[in-house]
Amino acid sequence: MEKQVDILIVGAGISGIGLAVHLSKNCPQRKFEILERRESFGGTWDLFKYPGIRSDSDMSTFGYNFKPWGKEKVLASGPEIKSYLSDVIRENHLNEKIHYQHRVLSANYDSSKQKWIVEIEDSNHKKQTWSANFVLGCTGYYNYDQGYAPQFPQQQDFKGQLIHPQYWPENLDYSGKKVVIIGSGATAITLVPSLVKGGAAHVTMLQRSPTYIASVPAIDFIYEKTRKFMPEDLAYKFTRGRNIGMQRGIYLLAQKYPNLVRRLLLKGVELQLKGKVDMKHFTPNYAPWDQRLCVVPDGDLFKALREGRASVATDQIEKFTASGIQLKSGQHLDADIVVSATGLEIQILGGVKGSIDGKPMDTSKHMLYQGVMVSDVPNMAMIIGYINASWTLKVDVAAEYICRLINFMDKKGYAEVIAVTDKAEMLQDTVMGSLSAGYIARAADIMPKQGKHAPWNVSNNYLADRKNLKEAKFNDGVLQFKAHIAQVSRKPKLVS
């Protein structure tokens with residue numbers, strides 16, 4: 001073994017950094033290392049470089065519970081988020097713990113040693129073998145090597161540039177050019193106003209179907225005011241609590257009264273468009289929160305559309321041409337640049353080949369115990385954020401639960417923990433719940449499955465998780481613990 005570690009965190013993005021801080025604070029007796037395949041930290045916020053890249057969650061809930069965001073800006077840019085993460089790393093002395101350009105190839109749990117044997121490719125493209133007691137997956141759920149890029153009819157005929165947001169060319173010159181963005185999700189609605197502001201001649205958002213979009217203030221004025229007469233920590237907690245409650249309230253309202261929320265959302269868009277754009281482009285054929293709700297700061301997307309510098313086409317692609325895209329309606333969209341904002345390619349554990357005693361793991365055949373631990377897999381947990389709230393909220397509560405579990409094991413002298421599956425609990429739905437987005441549907445044979453009841457059902461409810469994970473008992477009959485093999489073998493023999 002090149003290296004033996006106690007706890008191995010895979011990924012130095014939002015999840016990995018947050019989990020590392022919680023371990024530092026709550027499990028000081030445990031040593032950990034972080035493996036990051038990229039040259040820098042940040043995960044999503046290091047990978048994506050397209051113009052306008054920003055959070056789609058408010059920063060009071062996107063920031064960690066242990067570090068206030070500290071700015072009034074509601075939605076932060078990618079560089080601002082990286083700067084925030086840099087501060088977290090520096091303040092918690094994590095730099096020496098992160099091994100960059102170290103890619104995990106495979107991980108096999110050896111029951112005879114009660115350890116994970118991890119094969120790694122290091123920064124010199126040489127293979128190393130590490131061992132670890134725990135492996136904690138903090139890799140998110142999409143493929144960093146490739147986004148979802150469907151092949152369009154005759155796309156090879158296009159003479160301009162065809163790019164994917166996941167590989168935005170450095171210093172791309174789009175000034176004075178006609179740009180068509182294929183897609184209507186968070187990436188597309190961010191790109192449209194950003195490219196317009198950056199000097200594009202015209203930007204067209206081409207969508208197969210509309211998305212619900214809400215405008216939110218760019219500045220949190222209440223946070224701005226409360227900071228002037230409250231201590232910073234208290235103002236942050238107040239704002240964070242308010243926004244968590246609002247997020248949950250809107251989601252529940254949409255579940256119980258979908259038609260009411262639909263009317264409110266569409267009315268908000270109508271007021272923004274001021275009759276300049278046909279509402280058919282913003283009237284989805286599904287209920288609110290059947291897919292993730294998109295937000296724009298201060299209605300920047302709608303402003304670009306009102307001014308005529310951008311437009312929306314709701315249609316299907318017949319084929320690419322030398323000068324753009326021919327639509328099935330007969331319309332032709334002229335383009336110098338086409339951006340395929342068609343979504344993500346789902347991947348679990350960063351593509352690591354997992355196995356137990358040499359037997360391959362199929363993540364789609366497992367569930368998540370308490371939304372955290374992989375069923376029937378010893379000493380492994382993974383963090384997957386919420387579909388209806390900030391990713392980081394799940395990081396905090398999951399990390400605190402993992403720390404409690406580890407401390408419990410240390411107190412009892414246990415080396416191994418397994419959440420044993422009740423097969424009757426497994427549903428066909430994935431842990432992503434009922435979302436109908438294309439990237440979710442494509443991941444059915446990859447993502448862990450949902451369970452019927454607790455502790456196997458993933459609720460995507462932060463308030464419930466915060467309570468349940470804090471109070472969860474470990475002697476529930478589902479978790480099975482084993483002592484260190486060395487301790488078992490040292491039991492005294494009976495002397496006659």
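Start by selecting Cys-138 and looking for its closest cysteine sulfur: that sulfur sits in Cys-403, 11 Å away, which is too far for a bond. Keep in mind as you click around that this is a predicted model. A disulfide would need two cysteine sulfur atoms within 2.5 Å, and by that rule the count comes to zero. While Cys-138 is still highlighted, check how much of it shows: its relative accessible area is 5%, so Cys-138 is buried.

**Next stop: strand β11**

Now select residues 294-297, which make up strand β11. Is Cys-294, where this strand begins, buried or exposed? Cys-294 counts as buried because its relative accessibility is 8%. Show the side chains of the strand and turn it around: Cys-294 and Val-296 point one way, while Val-295 and Pro-297 point the other way. Whichever way they point, all of them are buried. If that back-and-forth looks neat, here's the background: in a regular strand the side chains alternate between the two faces of the sheet.

Add residues 213-216 to your selection, and you have strand β10 as well. β10 and β11 pair in the parallel sense, over four bridges. To find one of those pairs, pick Val-216 and look across to β11, where its bridge partner is Pro-297.

**Over to a three-stranded sheet**

Strands of a sheet pair through backbone hydrogen bonds, either parallel or antiparallel. For the antiparallel kind, go to the open sheet of three strands, which runs in the order β13-β14-β15. Select 317-321 for β13 and 332-334 for β15; these are the edge strands, since each pairs on one side only. From one strand to the next, the twist averages 20°.

Then bring up residues 324-327, strand β14. Between β13 and β14 there are four bridges in the antiparallel sense. Want a pair to click on? Lys-319 has Gln-326 in β14 as its bridge partner.

**Last stop: helix α12**

Finish with residues 462-471, helix α12. Which of its residues are buried? They are Tyr-462, Asp-465 and Leu-469. Look down the axis and you'll find them on the same side of α12, because they cover an arc of only 55° around it. To see part of what covers these buried residues, turn on α7 (232-256) and α10 (391-412), which are among the elements that do so.

Before you leave, zoom in on the N-terminal end of α12, which is capped by Asn-461. One of the side-chain oxygens of Asn-461 lies 3.2 Å from the backbone nitrogen of Leu-463.

Note on methods:
Residues are numbered from 1 along each chain as its sequence is written. This is a predicted model: local features need pLDDT of at least 70, side-chain atom pairs count only at pLDDT 80 or more; totals for chains, interfaces and linings use all residues. Side-chain values use heavy atoms; hydrogens and water are left out. Buried means under 20% relative accessible area, exposed over 50%, partly exposed in between (1.4 Å probe, protein chains only). Helices (H or I, at least four residues) and strands (E, at least two) are DSSP runs, numbered from the N terminus. The arc is that of the directions from the helix axis to the C-beta atoms. Contact means heavy atoms within 4.5 Å. A polar contact is a pair of N or O atoms within 3.5 Å; within protein, one must be able to donate a hydrogen and the other to accept it, and residues adjacent in sequence count only if both atoms are side-chain atoms. Two strands pair if DSSP finds at least two bridges between them. Axes are lines fitted to C-alpha atoms, for helices over the stretch in contact, and angles run from 0 to 180 degrees between N-to-C directions.
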